[in-house]
Amino acid sequence: MPSGNYITYGAKIFFILGNVMKVISIYKNHDWLNFGEKYTLTLPAAERSLRHKKLVLDDGSYVYVDFDQVIYLQNLDALKLEDNNLIKIIAAKEKIMNITCKDSIHLSKIAWHIGNRHCPLQIIDEKNLRIEQNNVLFDMLQALDAKVILDKDTFDPEQGAFRGH
């Protein structure tokens, strides 16, 4: 267990922030790259939506985020700590499906079918999409004449118009 104080209540143990570093702000769009990072945090896409959370950094240190609203961390964003050190966000490699479409019209149709199933989607370019591996969608995409390749890579899906919803 990390250093700090604990309160027990029934079978649960609650950690009281002691030596846990606290995040005070976020750098988006690689604006921080000239400063360099002291720490790294590798997370899959599903774990990069944050508001209040204690996280374990790649070196085993703990950090606490407490934002006013949900934020989504993308690959190479950075979190600024109270001591002004930075944490580089690294998108974890995950099981994904790379989808190649014939043209932009075909891509629009494929994206519509994926969105209709409320699945996260990353737009790579005019002919290529990326989604999490899913056997049902794999079959559907092949039936829609898309080329699908199973792979392991980073996944940075679109966040939608409402960002936090």
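Trainee: What makes S10, S11, S9 and S12 a sheet, and in what order do they lie?

Mentor: In this predicted model, the four strands line up as S10-S11-S9-S12 in an open sheet with antiparallel pairing. The bar for a pair is at least two bridges found by DSSP. S10 and S11 (residues 128–132) have two bridges and run antiparallel, so they count as paired under that cut-off. S9 and S11 share five bridges, also antiparallel. Between S9 and S12 there are seven, again antiparallel.

Trainee: Which strands are called edge strands, and why?

Mentor: Strand S10 (122–123) and strand S12 (147–153), since each of them pairs on one side only.

Trainee: What packs on this sheet?

Mentor: Helix H1, residues 104–116, which touches strand S9 (94–100) and S11. The direction of H1 makes about 15° with that of S11.

Trainee: Why is S9 called mostly covered?

Mentor: Count its residues: five of the seven in S9 are buried. Each of those five therefore falls under 20% relative accessible area, the cut-off for the word. Met97 shows how S9 is placed in the sheet: opposite Met97 stands Ile131 in S11, and Leu150 in S12 also stands opposite Met97.

Trainee: Back to strand S10, then. Why is Gln122 called buried or exposed?

Mentor: Gln122 has a relative accessible area of 13%. Buried means under 20%, so at 13% Gln122 is buried. Gln122 sits in strand S10 and stands opposite Arg130 in S11.

Trainee: What makes the approach of the Gln122 side chain to Asp156 a polar contact?

Mentor: That side chain reaches the backbone nitrogen of Asp156 at 2.9 Å. The limit for a polar contact is 3.5 Å between N or O atoms, so 2.9 Å is inside it.

Trainee: Which other residues does Gln122 contact?

Mentor: Setting aside neighbours within four places in sequence, its contacts include Asn128, Leu129 and Arg130, and also Thr154, Phe155, Pro157 and Glu158. Asp156 is in that group too.

Trainee: How many disulfides are there, and what would make one?

Mentor: Zero. A disulfide needs a pair of cysteine sulfur atoms within 2.5 Å, so a count of zero says that no pair meets that limit.

Trainee: Are Cys101 and Cys119 buried or partly exposed?

Mentor: Cys101, at 4% relative accessible area, is buried. Cys119 comes out at 23%, which is partly exposed. The line between the two classes is 20%, so Cys101 falls under it and Cys119 does not.

Trainee: What makes the phi of Leu76 worth a look?

Mentor: Phi is near 70°, a positive value, and Leu76 is not a glycine. Leu76 is in the loop between strand S6 (62–72) and strand S7 (78–81). At 27% relative accessible area, Leu76 is partly exposed, because 27% lies between the 20% and 50% cut-offs. Asn84 is another non-glycine with positive phi, about 75°, and is found in the loop between S7 and strand S8 (86–91).

Trainee: And for the chain overall, how many helices and strands are there?

Mentor: Two helices and twelve strands. From the N terminus the order is β-β-β-β-β-β-β-β-β-α-β-β-α-β. Of the 165 residues, 32% are buried. The chain exposes about 10300 Å², with carbon and sulfur atoms supplying 49% of it.

Technical notes: Residues are numbered from 1 along each chain as its sequence is written. This is a predicted model: local features need pLDDT of at least 70, side-chain atom pairs count only at pLDDT 80 or more; totals for chains, interfaces and linings use all residues. Side-chain values use heavy atoms; hydrogens and water are left out. Buried means under 20% relative accessible area, exposed over 50%, partly exposed in between (1.4 Å probe, protein chains only). Contact means heavy atoms within 4.5 Å. Axes are lines fitted to C-alpha atoms, for helices over the stretch in contact, and angles run from 0 to 180 degrees between N-to-C directions. A polar contact is a pair of N or O atoms within 3.5 Å; within protein, one must be able to donate a hydrogen and the other to accept it, and residues adjacent in sequence count only if both atoms are side-chain atoms. Accessible areas come from the Shrake-Rupley method with a 1.4 Å probe; for residues, only the protein chains shown count as cover.
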